[in-house]
Amino acid sequence: MFIAIDKDNNRVGIENADKTKEYFCPVCGEKLSIRAKESIAVKTHFTHTRNSKCVDDWNHDMSEWHFNWQRRFPTECREVVIEHNGIKHRADICIGNTIIEFQHSPLSSEEFKKRNEFYTNCGYKVVWVFDADEKIKNPYDEDNTLDPVKNRFNEFIWKRAKETFSKPIQNNVGIYLEYKTMLTLQDKRYENMIFNIMIPITQITPKSFKFFKTHVYIQPNNFLKDYGICSDEETMSATQIIQQTPRSLNGYKIQ
Ligand SMILES: [Zn+2]
């Protein structure tokens with residue numbers, strides 16, 4: 001986890017952790033250690049000892065991508081313990097009546113369903129952001145370097161082996177896929193720049209997605225604006241972009 005409790009009961013982000021101090025799990029209260037060995041897949045994080053009895057048995061990914069998303073939100077919104085009927089889990093982000101989950105590593109359909117059920121039973125709306133970089137491809141083309149936004153189809157295939165989406169998905173669950181692309185823009189200043197684009201999904205079958213083609217690329221700042229995180233007044237929220245997109249552009253309705 002990236003958030004722990006210190007001995008004075010303060011929430012501390014891993015980026016501010018001091019190795020000489022003691023930290024505890026916000027769910028079970030056990031003492032945590034800091035796992036500092038870094039790789040692309042694993043960022044420095046707080047971890048339980050090997051014989052932990054922590055009740056939060058969900059598999060939280062600790063990738064750099066995950067950390068970079070979480071840290072955009074205020075500490076009090078990150079890894080919030082949600083309790084329902086005596087069961088406790090840590091939500092990546094809890095802000096207002098929304099739980100936001102970031103997922104970089106493969107996720108089984110069972111766990112995806114369990115998390116959605118848990119949070120919707122608690123009365124929250126759930127929004128997922130999946131790291132889809134290099135994990136999607138055009139269903140009509142052998143070309144694996146699909147850019148969904150530039151593509152004339154609004155459908156693509158998930159390349160992952162684990163079928164996260166093979167079970168029906170509840171109402172009140174929204175999904176965005178985020179991937180990196182070089183946009184073809186008129187403005188030369190943006191030439192060869194990599195952008196992170198988020199696509200809102202409208203329909204899912206076990207392996208393919210249909211998505212909402214917006215007239216403006218949705219970027220992380222637009223997404224954050226929905227939650228009052230982006231302070232730039234000029235920036236439109238993702239919801240505004242979706243609402244202002246002519247229906248003829250997509251033919252689908254975002255859920
Ligand atoms: Zn714990």
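**Exercise 1. Which residue of strand 8 is the bridge partner of Cys94? Place the answer in the pairing of strands 6, 7 and 8.**

Solution. The model is a predicted one, and the register of its strands can be followed pair by pair. The bridge partner of Cys94 in strand 8 is Ile99, and the bridge partner of Ile93 in that strand is Ile100. Strand 7 (87-95) and strand 8 (98-103) pair in the antiparallel sense, over 3 bridges. Between these two strands lies a hairpin with 2 residues between the strands, where Gly96 takes a positive phi near 60 degrees.

Turning to strand 6 (78-84), one finds that 6 bridges join it to strand 7 and that the two run antiparallel; Arg78 stands opposite Ile93. Ile93 therefore has a partner named in strand 8, Ile100, as well as Arg78 opposite it. The hairpin of strands 6 and 7 also has 2 residues between its strands, and here the positive phi, near 50 degrees, belongs to Asn85.

**Exercise 2. Describe the sheet to which these strands belong, and state whether strand 7 is largely enclosed.**

Solution. The sheet is open and has 9 strands, in the order 6-7-8-9-12-13-14-11-10, with mixed pairing. Its edges are strand 6 and strand 10 (136-137), each of which pairs on one side only. As for strand 7, 7 of its 9 residues are buried, so it is largely enclosed by the rest of the structure.

**Exercise 3. Which side of helix 2 is buried, and what does that side pack against?**

Solution. Begin with the geometry of the helix, which covers residues 109-121: its 13 residues should span 18 Å at 1.5 Å a residue, and its end C-alpha atoms are 18 Å apart, which agrees. Next, list the buried residues, namely Phe112, Arg115, Asn116, Phe118 and Tyr119. These cover an arc of only 165 degrees around the axis, which puts them on the same side of helix 2. The general geometry of a helix gives the background, since an α-helix has 3.6 residues a turn, so residues three or four places apart point the same way.

On the other side of helix 2, Glu110 and Asn121 are exposed. The buried residues pack against strand 6, strand 7, strand 8, strand 9 (125-131) and strand 12 (173-182). Helix 2 is followed by Gly123, whose phi is positive, near 95 degrees.

**Exercise 4. Which residues touch the most other members of the largest nonpolar core, and what surrounds one of them?**

Solution. The largest nonpolar core has 38 residues, and among these Ile99, Tyr176 and Leu177 touch the most other members. A second, separate core holds 11 residues, including Ile3, Ala17, Phe46 and Phe67. Ile99 has already appeared as the bridge partner of Cys94. For Tyr176, once its neighbours within four places in sequence are left aside, the contacts are Trp128, Val129, Met198, Ile199, Pro200, Ile201 and Phe223.

**Exercise 5. In what order do the strands of the 5-strand sheet run, and is Asn10 buried or exposed?**

Solution. The 5 strands form an open sheet in the order 2-1-3-4-5, and the pairing is antiparallel. The edge strands are strand 2 (11-13) and strand 5 (45-47), each pairing on one side only. Within the sheet, strand 3 (residues 23-24) and strand 4 (residues 31-35) pair over 2 bridges in the antiparallel sense, and Lys31 in strand 4 is the bridge partner of Phe24.

Asn10 lies in the loop between strand 1 (3-6) and strand 2. Asn10 has 10 other C-beta atoms within 10 Å; because the limit for an exposed residue is 12 or fewer, Asn10 is exposed. The C-alpha atoms of Asn10 and Tyr23, which are 13 residues apart along the chain, are separated by 9.7 Å.

**Exercise 6. Summarise the chain as a whole, and say where its confidence is under 50.**

Solution. The chain comes to 4 helices and 14 strands, and 31% of its 255 residues count as buried. Of the contacts with a separation of 6 or more, 54% join residues 24 or more positions apart. The mean pLDDT is 85, with 88% of the residues reaching 70 or more. Over residues 251-255, however, pLDDT stays under 50, and the model has 11 contacts beyond four places in sequence for that stretch.

Terms used
Residues are numbered from 1 along each chain as its sequence is written. This is a predicted model: local features need pLDDT of at least 70, side-chain atom pairs count only at pLDDT 80 or more; totals for chains, interfaces and linings use all residues. A nonpolar core is a set of buried Ala, Val, Leu, Ile, Met, Phe, Trp, Tyr and Cys residues joined through C-beta atoms within 7 Å. A residue is buried if 20 or more other C-beta atoms lie within 10 Å of its own, exposed if 12 or fewer, and partly exposed in between; C-beta atoms are placed from the backbone. Two residues are in contact if their C-beta atoms, placed from the backbone, lie within 7 Å. Two strands pair if DSSP finds at least two bridges between them. The expected span of a helix is 1.5 Å times one less than its number of residues. The arc is that of the directions from the helix axis to the C-beta atoms. pLDDT is the predictor's confidence in each residue, from 0 to 100.
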